[in-house]
Amino acid sequence: APLGFTDVNLNSRNTYEVSRRRSAPEHLPHGGTAPAEPAPPPAEPAERARHRVGIAGAGSSFAEFFTRNFFTKRTKELKPAVQSAPGWKLFGKVPPRENLPKDSKIIQQEYEARTGRMYKPPPPSARRKNIEFEPLSTTALILEDRPANLPAKSVEEALRHRQEYDEMVAEAKKREIKEAHKRKKIMRERFKQEENIASAMVIWVNEILPNWEGMRATRRVRELWWQGLPPSVRGKVWSLAVGNELNITPELYEIFLSRAKERWKSFSETSSENDTEDAGASVADREASLELIKLDISRTFPSLYIFQKGGPYHDLLHSVLGAYTCYRPDVGYVQGMSFIAAVLILNLEEADAFIAFANLLNKPCQLAFFRVDHSMMLKYFAAFEVFFEENLPKLFLHFKSYSLTPDIYLIDWIFTLYSKSLPLDLACRVWDVFCRDGEEFLFRTGLGILRLYEDILLQMDFIHIAQFLTKLPEDITSEKLFSCIAAIQMQNSNKKWAQVFASLMKDNKEGDKNHSPAPKS
Amino acid sequence: MAWVVTQGTSLEEPRPSYMYKMVLLGSMSVGKSSLAYRYMRNDFRELLPTVGCSFFMQTLQLDEATVKFEIWDTAGQEKYQSVCHLYYRDAHAALLVYDIANKQTLSRAKLWLEELEKRFLPDEIVIALVGNKTDLAAEREVTSEEGEEFARTKGLLFMETSAKSNYQVNDVFMAVVQELLRREKEKASKPSSRGRSTVELRASRVVTRCC
């Protein structure tokens, strides 16, 4: 619906504002409430408040906020107002209408009218309160009198029906109360979680970030880190943890960006004339890269509607990726990168996002994958399998029996750092610890996922496993996944990941062409 | 050629079961995933770019056989080419997809064909050339005749499709299945054909389900 779309754009700009503020902790207003925002949409005040404080459950960030907001609106719009329910008649001559709503309230009303009890609609406020305890069923049906052409109910029968009905109502009430309790408990837990994150944020801002180098490796910080970074400091911590080995400055970014812009300009001027038959030419290649970026941006987190053309982050994503292809023509643009850049853009300012992006992709593992250096990738897969066998021997054998190799699922996971395969908030939590522990954590996460779904996977054959792992269930939760990851031991007969990997590298004698240094800037 | 999974056990007549692997190859954004999605779900929507490979599985109950159909939908970017052999290895069929509104993608499909010809004997794999996006007729850069002519000289199946407007998508998949089954029959009627089969290669992936 076009109407829905403008709505979303408007919203996204507001969230954009919020996140910008969030990403700069020093600008955080005390008490955590943001200053007045331009025309906040009225819908879902609780949701907004949560986000304004910036503690939305370690990152039920953006994505969730966004999609939820969007969809609630849509469903509201779609729901037609069929309040004028037609008369309820089960056995009569009136043919049942299509989609006749079985409204329990109406049934109850009729019943009460018949039994003499007056039905008086409760005042709207009380009604709202009571709604949890009202049985929402059509059990009143059994209290209907029989139609005239059938013998009437006997007194006992009527009584029994009455009693059954009362029991059902009581049962339903009990159930509803139980559910209400459950809801309350969930709310309490969520509240507690938010409090935890809020207090964690204070610790990060006041204690850790000012003493970063001294504290980053301490046990306390590492533990706090594992719990998930508060969204307001997430970008900052990622930046610090990834580092800037390449010494990229914001000015340098501007230089590469303007170079990219020049190239786009000349590209769009000549693109229509460009009909080269040979697909190998490097000029055509580079231009294809630009074209490809354009194509992929529109396909990056499409459900968020922020990276698409006209969305608030479209140009940013374009800029960061374009500047990168100018900065590292030897790597260029590779599909999967747009997701990484997008996640960084959601958490960092433009230049900082670029700096983190370039440095992140310069890590040996990322470089191997984004250069699609197959022999190096095989080393990583082999190291992964060492720990796979160690941690999940049964599943390992099951996969072996189908010759199911890790490339089937790991390529997607490693290329996009899980941002395409896991829900965004969960992916951010994986990134948190990836920034803490390095590449090893990417593979540990993979094993955590396998562990989480081990029982299901053991029942599946090759194609179903492949299908399952390349499209993970959407209801995967961070608690479950992280407890599975925690259970994965990255020790193989006293050797750690780095040692296992190094010994695999040693086996290979011609593994030296893979570490070409980054260009001097 | 394909692994015969089980013989049918119904009382009327035994119906053979086959498992085939089909791989979708072609430039990025020509609509490989969309074709698979249309075929599997009969729907069209904006899909994420494929990184690595994604997988679909379809079981077809045909008159003459039960066919288990694995679809391997690969990433289109050229840079991924060095890992692509992982995906088309042991395939029984390939769809070489190009975009009729982008001439370069046809050249790319031709390169894919060369690659496959290096790895497979002609009777080992059924290849179909697919010109997708007929809904973009106004921007057409490759004529139907050009695609058809190329397919004919190379002995490929050919079809133009539109995943968006659901034009001939099912047909192209069915045409491939029919061709696979036709070859299966041909082989059965010539029992002493050369022994090189893919069965051994794939024996580790036998499906034991009964039907």
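Is A:R299 buried or exposed, and at what relative accessibility? I looked it up: A:R299 counts as buried because its relative accessibility is 14% (buried is under 20% relative accessible area, exposed over 50%, partly exposed in between, with a 1.4 Å probe and protein chains only).

**Ground rules.** I'm working on a predicted model, where local features need pLDDT of at least 70 and side-chain atom pairs count only at pLDDT 80 or more, while totals for chains, interfaces and linings use all residues. Residues are numbered from 1 along each chain as its sequence is written, chains are lettered from A and ligands numbered from 1 in the order in which they are written, and side-chain values use heavy atoms, with hydrogens and water left out.

**A:D296 and its partner.** A:R299 makes a salt bridge with A:D296, with 3.0 Å between the closest N and O atoms (a salt bridge is a side-chain nitrogen of Lys or Arg within 4 Å of a carboxyl oxygen of Asp or Glu). A:D296 sits in helix α11 of chain A, residues 282–297 (helices are DSSP runs of H or I with at least four residues, strands are E runs of at least two, and both are numbered from the N terminus). I noted A:D296 as buried too, because its relative accessibility is 0%. Leaving out residues up to four places away in sequence, A:D296 touches A:Y333, A:Q335, A:S338 and B:P49 (contact means heavy atoms within 4.5 Å).

**Helix α13.** A:S338 led me to helix α13 of chain A, where it is among the buried residues. This helix covers residues 337–347, and 11 of its 11 residues are buried, so it is largely enclosed by the rest of the structure.

**Where B meets A.** B:P49 took me to the interface. I find 35 residues of chain B in contact with 40 residues of chain A. The buried area is about 3300 Å², and carbon and sulfur atoms give 60% of it (buried area is the accessible area, with a 1.4 Å probe, that two parts lose on being put together, summed over both). In chain B, the residues that lose the most area to chain A are B:P49, B:V51 and B:F55, together 19% of what that side buries.

How many salt bridges cross this interface? The rule finds 1, and A:D461 and B:K68 meet in a salt bridge at 3.7 Å, N to O. On the chain B side, the elements giving two or more residues are β3 (53–61), β4 (66–74), α2 (81–88) and α3 (103–119).

**More salt bridges.** Over all chains I get 21 salt bridges. One of them joins B:K133 and B:D99, with the closest N and O atoms 3.4 Å apart. That pair links distant parts of the chain, 34 residues apart: B:K133 is in the loop between β6 (126–132) and α4 (144–154), and B:D99 is in strand β5 (93–99). Both B:K133 and B:D99 are buried. By contrast, A:K471 and A:E474, bridged at 3.8 Å, are both exposed. I also jotted down a salt-bridge network of B:E179, B:R182, B:R183 and B:E186.

**B:S162.** This residue is in the loop between β7 (157–160) and α5 (169–189) of chain B. B:S162 counts as buried because its relative accessibility is 0%. Beyond its neighbours within four places in sequence, its contacts include B:K133 and B:D135.
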